[in-house]
Amino acid sequence: MTTRDRLMLIGIAVLAVLLGVWFTTVAPERERASKVTAEVEAARKQLASAESQANSAKDAQAQYSSAYSSLVSLGQAVPPSSETPALIYTLDKATHSRDVEFSSITTGASGTASPGASATLATESAAFSQQPFTFIFNGSFVDLYKLLDQLEGFTVQTSSGALHVNGRLLTIDSVSLAPNASEASASGKPKSGQLTGTITATAYVLSAGASALGGATPSAPAGASTGTASTTSSGSATTPAVVKATP
Amino acid sequence: MKAVNLIPGEQRQGAGGLASLAGRSGGGALIVLGLLAGLAALVAMYGSAHRSVSSQTGEVTAITAETSAVQASAGRLTPYTDFVTMADQRTQTVAQLVQARFDWSHALHELGRVLPAGTSLSAMHGTVGPTAEASTTTTATAGAPTSSTPPGSTPVFTLTGCAKSQTVVAQALQRLRLMDGASEVQLQSSTKSDTGSGGVSGGCPANDPAFTTQVTFTGLPSAPATSAPTSGSTTTASVHSAGATEPVSTASGASR
């Protein structure tokens, strides 16, 4: 064996030793380090997500009072129960502001309702149930169409996108105008253009099981544990619908 | 005079090749040095990896603890998030129902504006009926607010009245097309009676044609897309009550 061969063998042996050390000790540790690095990255992402959630929750807490006020206002537009007396009161006040007689109100489907409206009477929305009504008003053409404007004006959306709630949300499904027979004179012509307006409209109420405020109080929602939350209120705070009519 | 090496090349010492590199130790020193250098490098790499593992394991522990604390903090505020989300959803639902309405007052105002002189209406019946497309849409979007006048519904006015002559009836048909939103005006009948019905219920005078026409309006527009309610997001729409103004959720467009 020449010197050259001996050196080659020794070099190979040294290389083998170094490779052995690499594969048995260094490489596993480096792999472990990379795994831990990945764990750190995952943990950081989780932390960022949690912080985002916490920030959203803090924002929600900051918005709570305005959201509470909004829901109370929306309770006028869509109350948790039918609130028919309040609707009658509102309609009566609306007609008093014009020369219109509020003749009748009927709940349920009317015989003059359109097929489309009848087909959807029993349907329920995701959060609201439909409540059909038929109103009969007597008045002049101008007063009646202005009254329609007033009825739909109880809940409107402004050009800025804001909802303006001043009473029940009503969707008018059909309108029939005909001469007022009771006002007809002997000649058979209606007196001074008096008309009978039959209006079928749909009001909305919260679906069964839904409450207006979900048990929330002005200071905190149900289930919130805050130092300032009042503990004297009962949990079943189903806020009554407040209908404010502005004649 | 130039010096010449007379020793044969293969017998020369230290003149190149492995043997010359090995030197007097026969290369042992070189190999030991290489081994030591390699081991040193491996130890350095191992130490670096080990230090990284140690420090990052501690970091993971700290981050996990911090995450738990933050999650607990967010969890305590979950009722607020849920409440604001509910308010957003309800506001958007009401906004969509408002946007899905037909402006009856404006349509009747238009009707009164366009009817020509020499015509009178004895009856008017207006309905908002869903089209086939609207019905499909209504059933397809389960969970969406169901309006009694869903988007795509077509308002239709059926007008019955009297005119001074058939020419005036034609003029009335032309004028009805000028109504804002009217898409089609269709005459159903225009009948002149020699005697005239003359009675109640909108009878026309003798020789005045009684007409019935149908005005079809364009379908109600679909509600504009609104962003999904996200708690804590900046919101633009508001709910105004009697004297109260509270920002709540996103909605756009003016509608009655």
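Start by selecting helix H3 of chain B, residues 78–99. In this predicted model, H3(B) lies across three strands of chain A: S2, S5 (170–179) and S6. Against S2(A), the helix runs at about 40 degrees.

**The sheet underneath**

Now show the strands of both chains. How many strands form the open sheet? There are 8, and they follow the order S1(A)-S2(A)-S6(A)-S5(A)-S1(B)-S2(B)-S4(B)-S3(B). Walk along that order in your viewer and you will pass from chain A into chain B at the step from S5(A) to S1(B). The pairing is antiparallel. In general, strands of a sheet pair through backbone hydrogen bonds, either parallel or antiparallel.

Next, go to the two edges, where you will find S1 (101–107) of chain A and S3 of chain B. Each has a single partner strand, so one side of each is left without a neighbour in the sheet. If you turn the view to look along the sheet, you can follow its twist: neighbouring strands are turned by 20 degrees against each other on average, direction ignored.

For a close look at one pairing, select S2 (residues 128–139) and S6 (residues 195–206) of chain A. These antiparallel strands are joined by 12 bridges. Zoom in on Gln131(A), and opposite this residue you will see Ala203(A) in S6(A).

**A second helix on the sheet**

Select helix H4 of chain B, residues 104–114. H4(B) lies across S5 of chain A and also across S1 (119–129), S2 and S4 of chain B. The angle between H4(B) and S1(B) is about 155 degrees.

Which residues of H4(B) are buried? They are Trp104(B), Ser105(B), Ala107(B), Leu108(B), Glu110(B), Leu111(B) and Val114(B). Their cover comes from both chains: it includes H4 and S5 of chain A, along with S1, S2, helix H6 (166–176) and S4 of chain B.

**Two helices side by side**

Keep H4(B) on screen and add H4 of chain A, residues 141–152. Two packed helices are described by the angle between their axes and the distance between the axes. Here the axes come within 8 Å and cross at roughly 160 degrees, which means that H4(A) is roughly antiparallel to H4(B). The crossing is left-handed.

To see the contact, display these side chains: Phe141(A), Tyr145(A), Leu148(A), Asp149(A) and Glu152(A) on H4(A), facing Trp104(B), Ser105(B), Leu108(B), His109(B) and Gly112(B) on H4(B).

**The disulfide**

Move on to Cys162(B) and Cys204(B), whose sulfur atoms sit 1.9 Å apart in a disulfide. A search of the whole structure finds 1 disulfide over all chains. The link is left-handed, with -85 degrees about the S-S bond. It ties together distant parts of the chain, 42 residues apart: Cys162(B) is in strand S2 (residues 154–163), while Cys204(B) is in the loop between S3 (182–192) and S4 (209–217) of chain B.

Are these cysteines buried or exposed? Buried means under 20% relative accessible area, so Cys162(B) at 7% counts as buried, and so does Cys204(B) at 6%.

**Last stop: chain A**

Select Asp92(A) in helix H2 (residues 84–96) of chain A. This residue is partly exposed, at 29% relative accessibility. Add Phe102(A): the two are 10 residues apart in sequence and 6.3 Å apart in space, C-alpha to C-alpha.

Finally, zoom out to chain A, with its 4 helices and 6 strands. Of its 247 residues, 47% are buried.

How values were computed:
Residues are numbered from 1 along each chain as its sequence is written. Chains are lettered from A and ligands numbered from 1 in the order in which they are written. This is a predicted model: local features need pLDDT of at least 70, side-chain atom pairs count only at pLDDT 80 or more; totals for chains, interfaces and linings use all residues. Side-chain values use heavy atoms; hydrogens and water are left out. A disulfide is a pair of cysteine sulfur atoms within 2.5 Å. Buried means under 20% relative accessible area, exposed over 50%, partly exposed in between (1.4 Å probe, protein chains only). Two strands pair if DSSP finds at least two bridges between them. Axes are lines fitted to C-alpha atoms, for helices over the stretch in contact, and angles run from 0 to 180 degrees between N-to-C directions. Contact means heavy atoms within 4.5 Å. Angles under 35 degrees count as roughly parallel, over 145 as roughly antiparallel, 65 to 115 as roughly perpendicular and the rest as oblique. A crossing is left-handed if the near helix is turned anticlockwise from the far one by less than a right angle, and right-handed if clockwise.
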